[in-house]
Structures are given as structure tokens and as C-alpha cells.
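Me: I would like a close look at one part of this protein. Please keep the wording plain, as I am in my first year.

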Amino acid sequence: MTVHDSGKVALVTGASRGIGYAIAEALVARGDRVCITGRGEEALKEAVDKLGADRVIGVAGKAHDVAHQADAVARAMEAFGRVDYLVNNAGTNPVFGPMADLDLDVARKVYETNVLSALGFAQQTWKAWQKDNGGAIVNIASVAGISASPFIGAYGMSKAAMVNLTQQLAHEFAPQVRVNAIAPAVVKTKFATALYEGREAEAAAAYPLGRLGVPEDIAGAAAFLASDQAGWITGQTLVIDGGIFLNAGVG
Ligand SMILES: NC(=O)c1ccc[n+]([C@@H]2O[C@H](COP(=O)([O-])OP(=O)(O)OC[C@H]3O[C@@H](n4cnc5c(N)ncnc54)[C@H](OP(=O)(O)O)[C@@H]3O)[C@@H](O)[C@H]2O)c1
């Protein structure tokens, strides 16, 4: 298949599987060149091969590691000459339980991985390309950052910070760079397995649209926000939730 060449380049963090992989796939399909990251080298290599090694490179590392952030951006610049789009997708949720018992060291780690990683990557792509040439940033937040959710408070706090980071960067990086976020509800990935495994029909029944999300539900919106079609949208958080927030009314 001959793929159209858009001339644009994206960096998608945490993209060896799940939502990040689906976003990378959508960007490659429309003709972008893409640099993907993840911790596991083998999985990353497999993802690059599946996406097409002629258009995709992988840079392994931990998202919060500043040296890795710099390396990923430098390698994308070296391979493709530009970084128009940054998708901050890598995230973690290592703890379930009440806030009263939350280990503060774990909370710090969640903040570092989910929030400071996104800021660090944004600093790097801004300086390397976007400040002088424009582009867009898409942050993958969560509905847990918009309202309270049982047992994932530390994660929710970090995703709420990501929503504010989105507004902050949208303001600071305008007019060159638009910055938006996506807040998904439960999407069927390895990350979210504990939230639905063994009870998917029951979990899906709560959603007005009658099903849980799949990575492709998020990928199309991310590709749109990282495109000129979204040229007058910045600072926004797009909730993609199968309608579950519609249940929040009283009565
Ligand atoms: N699935 C959901 O229901 C849901 C809902 C709302 C928001 N989100 C958000 O969506 C994003 C993607 O989640 P997902 O569901 O697609 O998860 P996933 O299927 O587990 O995929 C996570 C990806 O990120 C990589 N990764 C994980 N931790 C990393 C780190 N510290 N540094 C670099 N790469 C890392 C993983 O590869 P390695 O393990 O090899 O590093 C993998 O490629 C996260 O930010 C998550 O908070 C997910």
C-alpha cells in the first residue's frame, strides 16, 4: 500500500501497545512519520515493525527520565528533521485504595510519571522545533481527572494536574502551538484490565453507548487535535466516555 506523505512528524510516548499504539497507527495511516517510546525494548521493536520501520522509529526509556526525553526528541529530529506533534500518552496507575492510606512516595511517583513527564517532553519539543515552527500537543488525561473515582485518587489527582498543565501550556505556547487533552473513560487495554476483566458486560452496561472504549475510539480524536483541522482549538479537554458522564444527573 502506498501511504500518502503528510510531511509531518509526531512523537507519541508509551506507544508500544494500547491507546498510544492506536494513535501512532492513525498518524502513520494519514502519512505522518512517528517516533514512539516505551520502556520495554522488545515490545517497542515489535510495534515499530508492525507500524512500518520506513516511517517509524522507537526510542526506549522511562517517560519521566529527562535524558530519555532529550534523546527521543533528538532522535526524532535526526531521523525526520522536525517534530510537529507531541502526544503525551505514557502514564501509570500503580495504586488502588483510599486516599487516607495513600503512600505519599507512591503519589510522588505517579505525579512524576503522569505530569512531569508530559511537561518535560513538551519543553523538549517546544525548544527543538515547535517554538519556531508551530505544531500541537495532545495530552492523554482521564475522566478520573475530572471527577472523583473510587480507589484511584492518586491517579485522578495527577490527571487533573494534566488538565491544568494543558491549559497552562496552551496559554504559554500560543499562538505557535495548540495544546489540548483527551479524557477517556475505561478503554480496553492492558492498563485498564483490572477495571473490567471478568465483568465486562456489567461494566459496559453503565455506559449509555453500551460498551467500553477501544483504543481506536481515542486515536481518531488525537489525530484530529494534532491536525490543522483543529486549528482554532486550544486548552480544551475532550471527554471521550461512551456517555458515562451523562449518568451524573440527580434523579
Ligand atoms: N485504558 C484506559 O481505560 C484509560 C483511561 C483513561 C486514560 N488512560 C490513559 O491512557 C494512557 C495509555 O494507557 P493504555 O491504557 O493505553 O495503557 P497500556 O495498554 O498499558 O499501554 C501503555 C504504554 O505506555 C508504555 N509505558 C508505560 N509506562 C511507561 C513509562 N513510565 N515510560 C514510558 N512508557 C511507558 C507501555 O510500554 P512499557 O510497559 O514497555 O513501558 C505501553 O506502550 C495512559 O496515560 C493512561 O493513564 C487510559
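The part I mean is helix 5, and I would also like to see how the core elsewhere is built. Which residues of helix 4 and helix 5 meet, and at what angle do the two helices pack?

Reply: This is a predicted model, and the description below starts with helix 5 and then moves to the core.

Helix 5 covers residues 153-173, and helix 4 covers residues 104-133. Their axes lie 9 Å apart and the packing angle is about 20 degrees. Because angles under 35 degrees count as roughly parallel, helix 4 is roughly parallel to helix 5. The crossing of helix 4 with helix 5 is right-handed. On the helix 4 side, the residues that meet helix 5 are Val 106, Ala 107, Val 110, Tyr 111, Asn 114, Val 115, Ala 118, Leu 119, Ala 122 and Trp 126. On the helix 5 side they are Ala 154, Tyr 155, Ser 158, Lys 159, Ala 161, Met 162, Leu 165, Leu 169 and Phe 173. Sorted by class, this contact of helix 4 with helix 5 has 16 nonpolar, two polar and one charged residues.

Phe 173 belongs to helix 5. Is Phe 173 buried or exposed? Phe 173 has 21 other C-beta atoms within 10 Å, and a residue with 20 or more counts as buried, so Phe 173 is buried. Setting aside neighbours within four places in sequence, Phe 173 is in contact with Trp 126 and Val 179. Phe 173 and Ala 122 are 51 residues apart along the chain, and their C-alpha atoms are separated by 9.9 Å.

The loops on either side of helix 5 each hold a backbone detail. In the loop between helix 5 and strand 6 sits Pro 175, and the peptide bond from Ala 174 to Pro 175 is cis, with omega near 0 degrees. In the loop between strand 5 and helix 5 sits Phe 151. Phe 151 is not a glycine, yet it has a positive phi of about 75 degrees. Most residues other than glycine have a negative phi, and most peptide bonds are trans. Phe 151 has 13 other C-beta atoms within 10 Å, and is therefore partly exposed.

Now the core. The largest nonpolar core has 63 residues, and Ile 23, Ala 24, Ile 36 and Ala 222 touch the most other members. Helix 1, residues 18-29, gives the most to this core, with eight residues. Apart from it there is another core of five residues, including Val 110, Ala 144, Ala 154 and Tyr 155. Val 110 of helix 4 and Ala 154 and Tyr 155 of helix 5 are also among the residues where those two helices meet. In soluble globular proteins, nonpolar side chains tend to be buried together.

Back in the largest core, Ile 23 touches residues including Val 12, Val 87, Ile 218, Ala 219 and Ala 222, when residues up to four places away in sequence are not counted. Helix 8 covers residues 215-225, and Asp 217, Ile 218, Ala 219, Ala 222, Ala 223 and Leu 225 in it are buried. The cover over these buried residues includes helix 1, strand 4, strand 5, strand 6 and strand 7. Helix 1 and helix 8 pack at about 50 degrees, with axes 8 Å apart, which makes helix 1 oblique to helix 8. Their crossing is right-handed. The contact of helix 1 with helix 8 divides into eleven nonpolar, two polar and two charged residues.

Conventions: Residues are numbered from 1 along each chain as its sequence is written. This is a predicted model: local features need pLDDT of at least 70, side-chain atom pairs count only at pLDDT 80 or more; totals for chains, interfaces and linings use all residues. Axes are lines fitted to C-alpha atoms, for helices over the stretch in contact, and angles run from 0 to 180 degrees between N-to-C directions. Helices (H or I, at least four residues) and strands (E, at least two) are DSSP runs, numbered from the N terminus. Angles under 35 degrees count as roughly parallel, over 145 as roughly antiparallel, 65 to 115 as roughly perpendicular and the rest as oblique. A crossing is left-handed if the near helix is turned anticlockwise from the far one by less than a right angle, and right-handed if clockwise. Two residues are in contact if their C-beta atoms, placed from the backbone, lie within 7 Å. Ala, Val, Leu, Ile, Met, Phe, Trp, Tyr, Cys and Pro count as nonpolar, Asp, Glu, Lys and Arg as charged, and the others, Gly among them, as polar. A nonpolar core is a set of buried Ala, Val, Leu, Ile, Met, Phe, Trp, Tyr and Cys residues joined through C-beta atoms within 7 Å. A residue is buried if 20 or more other C-beta atoms lie within 10 Å of its own, exposed if 12 or fewer, and partly exposed in between; C-beta atoms are placed from the backbone.
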